[in-house]
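Trainee: Could we take a close look at one part of this model together? I'd like to start from one aromatic side chain and see where it leads.

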Amino acid sequence: MSIPPKHRIAVIGCGVVSEMHFRGYLAHRDRVEVVAAVDPSADRRRWVTTTFGISETFDSIGTALEGVDFDTAVVSTPSHVRLEAVTELAASGKHLFVEKPLADSVESATEIVGIAAGANVELAVNQNFRYHYAFTQAREAIRSGRIGRPVSIDHRELMWREVVGWRAEQQHHALSVMGVHWFDGFRYMLDREADWLTATTHRSPLQAVMGETDASVHLRFGDVGVNYTHSFASRIESVETIVVGEQGALRLDYDQVEIHTSDGLEKVINPWSGLAKPESAYLGLNDLLTAVDRGTKPTNSGRDNLQTLSLLEGAYRSAVSGETVTFSEGLL
């Protein structure tokens, strides 16, 4: 069995979310070597060096491209400045692993996908909840027929979560931060695309954010209805997904999937939940790197992510218009 090659990685954008990436990659030095970090803030660059021992830090992508050799860029900049970063990196032949959401609109995301394709580089998105939440185990249970044909899904995520900085100033908030994970998880778990959705959103007066803190969304994936309730302003905390099938049901969270059938209860542990987000970020990056090594396409590709972003943008459109939003093969 051949040993996969090591890849040289640069992390672009060293804000809060970058810590997850640094910790995940430094735990897999046999596969990933973090050779550079880029951020315009001198304080953040010093933080990277002090915390993770990465000495090669740069204030711009251009100086990093001149100063160090790397084959893959992890782009964890704010989403509203991502297009410029991706354009410069793709033009230099760097493969791209981009934080979610890939962009602030499907139009911009489609442009990013086209830029990567035109530059002949691979593009993947960090939809790490495919690993961090028990979506992979649920997907396997559904595909193996354990609960028969899925009939409905009920998902809720309730918490009190306040943010500061650039996220608090964005027009879109809770669904962009976490809803994009759940939309992607529904697609991944069911292995099919949505036909339509309807949504409502609300902004709590108790939190200093511009965007929504709460949402209620109903989606239809063929004959499967999905009810999704979300809150960043709930005094009750709960995260749970129930999948009802014709022959059984699933209950899943971060740690496990419960499979309920006429034969009783079986619990399938999510092996990645206890390893937290850094490991799930590495797994997403490794999906990209494996595709690069094999000359294939990553399962978390930017093109695949257009359907996830279509659900996100569709929810915002529905919340504004009060009307149902429809999709064609999962796309707006």
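Is Phe 52 buried or exposed?

Mentor: Happy to walk through it, keeping in mind that this is a predicted model. Phe 52 has a relative accessibility of 11%, so it counts as buried, the cut-off being under 20%.

Now for its aromatic surroundings. The model has twelve aromatic pairs by the centre-distance rule. One of them joins Phe 22 and Trp 47: their ring centres are 6.3 Å apart and their planes stand at 70°, so the pair is edge-to-face. Phe 22 belongs to helix 1 (residues 18-26) and Trp 47 to helix 2 (residues 42-52), so 25 residues separate the partners, and the pair links distant parts of the chain. Phe 22 counts as buried, at 0% relative accessibility. Your starting residue comes in next: Trp 47 also pairs with Phe 52, again edge-to-face, with 5.3 Å from centre to centre and 90° between the planes.

Elsewhere, Phe 129, Tyr 133, Phe 135, Trp 182 and Tyr 254 make up one aromatic cluster. Trp 182 takes us on to His 230, since the residues that His 230 touches include Trp 182, Met 178 and Glu 157. His 230 sits in strand 10 (residues 224-231) and is buried, with a relative accessible area of 1%. Its side chain makes a polar contact of 3.0 Å with the side chain of Glu 157. Glu 157 is also the bridge partner of His 230, and strand 7 (residues 150-160) pairs with strand 10 in the parallel sense over seven bridges.

Both strands belong to an open sheet of nine strands, ordered 14-13-12-11-7-10-9-8-15 with mixed pairing. The edges are strand 14 (264-269) and strand 15 (325-326); each has a single partner strand, so one side of each is left without a neighbour in the sheet. Helix 8 (residues 174-190) packs on this sheet, where it touches strands including strand 7, strand 10 and strand 11 (233-245), and its direction makes about 155° with that of strand 10. Helix 10 (residues 302-321) lies across strand 8, strand 9 and strand 15, at about 65° to strand 8.

Two charges over rings round off the tour. The charged end of Arg 235 sits over the ring of Trp 160, 3.7 Å from its centre. Arg 139 lies over the face of Tyr 188, at 4.4 Å from the ring centre.

Conventions: Residues numbered from 1 in each chain as written. Predicted model: local features only at pLDDT ≥ 70, side-chain atom pairs only at ≥ 80, totals over all residues. Heavy atoms only, no water. Phe/Tyr/Trp six-rings, centres within 6.5 Å; stacked < 30°, edge-to-face > 60°. Helix = DSSP H or I, 4+ residues; strand = E, 2+ residues; numbered from the N terminus. Buried < 20%, exposed > 50% of the residue type's maximum accessible area, 1.4 Å probe, protein only. Lys NZ or Arg CZ within 6 Å of the ring centre and 35° of its normal. Polar contact = N/O pair within 3.5 Å; in protein donor to acceptor, adjacent residues only side chain to side chain. Contact = heavy atoms within 4.5 Å. Pairing = 2+ DSSP bridges. Axes fitted to C-alpha atoms, helices over the stretch in contact; angles between N-to-C directions. Lists of a residue's contacts leave out its neighbours within four places in sequence.
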